[in-house]
Amino acid sequence: MASALSYVSKFKSFVILFITPLLLLPLVILMPAKFVRCAYVIILMAIYWCTEVIPLAVTSLLPAVLFPLLKILDSKQVCVQYMKDTNMLFLGGLIMAVAVEHWNLHKRIALRTLLWVGAKPAQLMLGFMGVTAFLSMWISNTATTAMMVPIVEAMLQQMQATSPATEAGLGALELSDKNKAGELPGSQVTFEGPSEVQQADCDRRRICKAMTLCVCYAASIGGTATLTGTGPNVVLLGQMHELFPASKDVVNFASWFSFAFPNMVAMLLLAWLWLQCVYMRSSFKKFWGCGLQSRNREKVAYEVLREEYRKLGSFSFAEANVLLCFLLMVGLWFSRDPGFMPGWVSLAWEDGKTKYATDATVAAFVATLLFIMPSQRPQFNFRSQTEEERKAPFYPPALLTWKVTQEKVPWGIVLLLGGGFALAKGCEASGLSEWMGKQMEPLHSVPPAAITLILSLLVAAFTECTSNVATTTLFLPIFASMDSLPQGWSSLTSVSPSVCQSVIREEELTAGTR
């Protein structure tokens, strides 16, 4: 039996890659309609995405090959989907994140905030979660977790190393007191058994689990707050423009933030309370910093954080410029078209219903600035310069180089987004969206809340075995076909999957840190 399973496993990739297209061919032969051919491409891509027999980004290129060959869309219509306005927005955000990571600005912000929050376990956990969520709003969830987990581990290891010495000192003090108490008449001396030592060890394990999990949860939750915080949100933006052209600029950075940020804060607090209840309920006073041992742990944690912050050195010129570019980008995003007042786009870049500048314009502008802004202070005092300084170019190196950007930007996600936009365009052009909408007409009698719950659970289960971005790309055109249902259905069912993908991503991040 074992040999048979190994034999099947050996040829699994080959079978899925080459046999699947052949098995699906009768679908196209028996029903040669255009929407059936589009469904063939979607099913094939879904299988490839779920099994990952080839890289996800490569699977995303299949519409560029199959749509023209199957006469669904011509090549020009397909290829233009791979670099749309939304892709440029996401790419600009990724380049900004690379600059923040390259100059360790995210680590400085994290450590400075944690030193300000305090070192009591409960407060420290909330501090870790707040910092991680804030950083994951702007840089990738994975990069944020990869940066925060080593800080958590270093702090926990130092606390564990100092704990035996602290316990030995407390034990000696307790034994001395008990000996003195034994000299008094009628006194009863009770010695501590191994149960208290086991309880202390159990508490340490609990706090280690809670501190590690809180980072993973916070990174996933924080990514939902901004439009560029995680891939599924960008997929939603791009496919809304494609599937609902009349929506125009309804979803932009400011409108998404006003909708998602309160939701993110609520989820973050609920996750913190959940971790407190699951891992710290038995020693609530201890983890809130009551007692001598807790105060010693707080000192150790604070010293670890302060030492890590000291290693970063003083605030550099490059970090100041990166922070300036970051604040400029966020400020321009929020003030472009805030909704409650005219934005800067209305000054000179609006002509009737046409808005020439979008959030992607801001992202591209700031991304370009990162390759221009200097990483060192220019030297204007030419007389006192050394020989080496005179030979060096007057303008210092920029904050980013193309080599660093090329290595750190996840280019595969850009292709994945493009593949999703191509699928959405194919569904619309082939009539597949209209056909699926007609098949869903019996859902008129089902309450919207029940359908939303069912779809959320379905998508959540699906993301357990495939990529979040790929899942969003597949399901959004299907949910958008509910446009034929009562008013308000489309927006409801298209927004919920995106948020669901981002939150469920904690499963992947948690698995990566175990």
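This tour moves through a predicted model, stopping at its largest cavity and then at two pairs of packed helices.

**The largest cavity**

Begin with the whole structure, in which a search finds four cavities of 30 Å³ or more; the largest cavity has a volume of about 90 Å³. To see what encloses this space, select Gly-93, Met-96, Ala-97, Val-100, Leu-105, Ile-109, Phe-134, Leu-135, Trp-138, Ile-139 and Phe-326, which line the largest cavity. Colouring this selection by residue class gives ten nonpolar residues, one polar and no charged. Next, display helix H7 (85-102), helix H8 (105-117) and helix H9 (121-136), the elements that give two or more residues to the lining of the largest cavity. The largest share of that lining, four residues, comes from H7, and H7 can stay on screen for the next stop.

**From H7 to H21**

Two packed helices are described by the angle between their axes and the distance between the axes. Keep H7 selected and add helix H21 (residues 411-430): the two pack at an angle of about 160°, with their axes 10 Å apart. Because an angle over 145 degrees counts as roughly antiparallel, H7 and H21 are roughly antiparallel to each other. The crossing of H7 and H21 is right-handed. For the contact itself, show the side chains of Thr-86, Asn-87, Phe-90 and Leu-91 in H7, which meet Trp-411, Ile-413, Val-414, Leu-417, Gly-418 and Phe-421 in H21. By class, the residues of the contact of H7 with H21 divide into seven nonpolar, three polar and no charged.

**H23 and H24**

For the last stop, hide the earlier selections and select helix H23 (residues 448-462) together with helix H24 (residues 468-480), which pack at an angle of about 155°, with their axes 11 Å apart. That angle makes H23 roughly antiparallel to H24, and the crossing of H23 and H24 is right-handed. Which residues make the contact between H23 and H24? On H23, select Leu-455, Leu-458, Val-459 and Phe-462, and on H24 select Thr-471, Phe-475 and Phe-479. Coloured by class, the residues of the contact of H23 with H24 divide into six nonpolar, one polar and no charged.

Technical notes:
Residues numbered from 1 in each chain as written. Predicted model: local features only at pLDDT ≥ 70, side-chain atom pairs only at ≥ 80, totals over all residues. Heavy atoms only, no water. 1 Å grid on protein atoms, 1.4 Å probe; cavity = no way out; pocket = protein on both sides within 12 Å on 5 of 7 lines; lining within 4 Å. Points joined across faces, edges and corners; volume = space filled by probe spheres on them. Nonpolar A, V, L, I, M, F, W, Y, C, P; charged D, E, K, R; others polar. Axes fitted to C-alpha atoms, helices over the stretch in contact; angles between N-to-C directions. Parallel < 35°, antiparallel > 145°, perpendicular 65-115°, else oblique. Left-handed = near helix turned anticlockwise from the far one by under 90°. Contact = heavy atoms within 4.5 Å.
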